[in-house]
Amino acid sequence: MFTMPTRTVGTIKQDWEPVVLHKTKPKAQDLRNPKAVNQALRTGAEVLTVKKPTAGSNKKATAGPVLNARKLDEAAEPAALERVGGEVRHAIQKARLDKKMSQGDLAKLINERVQVVQEYENGKAVINQGVLGKMERVLGVKLRGKIAGSI
């Protein structure tokens, strides 16, 4: 069977509290709008004016010594990175040719692009110890350390 819900008997009270809505403040971008400035001038509202020190001229403000960003970078880090040396280049080429491999074959075996092997053999690559380690393993030649090129 279906029964109806019961309601409590008595007076029902409503609690009405006032809700106050505030206008949002105008954004700075809206305050600079010429229409908003003219409206404020017409209504007599307060308008803030600021004179810019370099307005109307083609000069930069001299806030202090201006430093060249490139000079700061060069002071923090050396500009040129260490590239592959001549001994290592020749050792890679010699070992690869002794094993009768092409640059593409070597690249596949070390899971790198052919361009990476070319850059190492041309001396244009920035030294990456991980890549050199993979080449050492595949070619069976020592490429890192003082005795580069030895078996």
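Beyond its neighbours within four places in sequence, Arg96 is in contact with Met101, Ser102, Gln103, Leu106, Glu121 and Leu139. Arg96 belongs to helix H4 and is buried, because its relative accessible area of 9% falls under the 20% cut-off. Please keep in mind that this is a predicted model. Its secondary structure comes to 7 helices and 0 strands, and here is a short tour of how some of those pieces meet.

**The overall picture**

- Read along the sequence, the protein follows the pattern α-α-α-α-α-α-α.
- The protein has 151 residues, and buried residues make up 17% of them.
- If you take the contacts with a separation of 6 or more, 47% of them are between residues 24 or more positions apart.

**H4 against H6**

- The axis of helix H4 (residues 86–98) comes within 7 Å of the axis of H6, and the two cross at roughly 125°.
- That crossing makes H4 oblique to H6, since the angle is neither in the range of 65 to 115 degrees nor over 145.
- On the H4 side, the contact is made by Arg89, Ile92, Gln93 and Arg96, and on the H6 side by Tyr120, Glu121 and Asn122.
- By class, the residues of this contact of H4 with H6 divide into 2 nonpolar, 2 polar and 3 charged.
- Arg96, described at the start, is one of the H4 residues in this contact, and Glu121 of H6 is among the residues that Arg96 is in contact with.

**H6 against H7**

- Helix H6 (residues 114–122) and helix H7 (residues 129–139) have axes that come within 12 Å and cross at roughly 90°.
- H6 and H7 are therefore roughly perpendicular to each other.
- Val116, Val117 and Tyr120 of H6 meet Val131, Leu132 and Met135 of H7 in this contact.
- The residues of the contact of H6 with H7 divide into 6 nonpolar, no polar and no charged.
- Tyr120 of H6 takes part in the contact with H7 and also in the contact with H4.

**The loop between H6 and H7**

- Ile127 lies in the loop that joins this pair, between H6 and H7.
- With a relative accessible area of 29%, Ile127 is partly exposed.
- Although Ile127 and Glu82 are 45 residues apart in sequence, their C-alpha atoms are 6.5 Å apart in space.
- Leaving aside neighbours within four places in sequence, Ile127 is in contact with Glu82, Arg83, Val84, Tyr120 and Leu132.
- Of those partners, Tyr120 and Leu132 also appear in the contact of H6 with H7.

**H2 and the largest pocket**

- The largest pocket has a volume of about 380 Å³.
- Its lining is made up of Leu31, Arg32, Ala36, Val37, Ala40, Glu46, Val47, Leu48, Thr49, Val50 and Lys52.
- Sorted by class, the lining of the largest pocket has 7 nonpolar, 1 polar and 3 charged residues.
- Helix H2 (residues 34–43) gives the most to this lining, with 3 residues.
- H2 lies largely in the open, because the number buried is 1 of its 10 residues.
- Just after H2, Gly44 takes a positive phi of about 85°.

Key. Residues numbered from 1 in each chain as written. Predicted model: local features only at pLDDT ≥ 70, side-chain atom pairs only at ≥ 80, totals over all residues. Heavy atoms only, no water. 1 Å grid on protein atoms, 1.4 Å probe; cavity = no way out; pocket = protein on both sides within 12 Å on 5 of 7 lines; lining within 4 Å. Points joined across faces, edges and corners; volume = space filled by probe spheres on them. Helix = DSSP H or I, 4+ residues; strand = E, 2+ residues; numbered from the N terminus. Nonpolar A, V, L, I, M, F, W, Y, C, P; charged D, E, K, R; others polar. Axes fitted to C-alpha atoms, helices over the stretch in contact; angles between N-to-C directions. Parallel < 35°, antiparallel > 145°, perpendicular 65-115°, else oblique. Contact = heavy atoms within 4.5 Å. Buried < 20%, exposed > 50% of the residue type's maximum accessible area, 1.4 Å probe, protein only.
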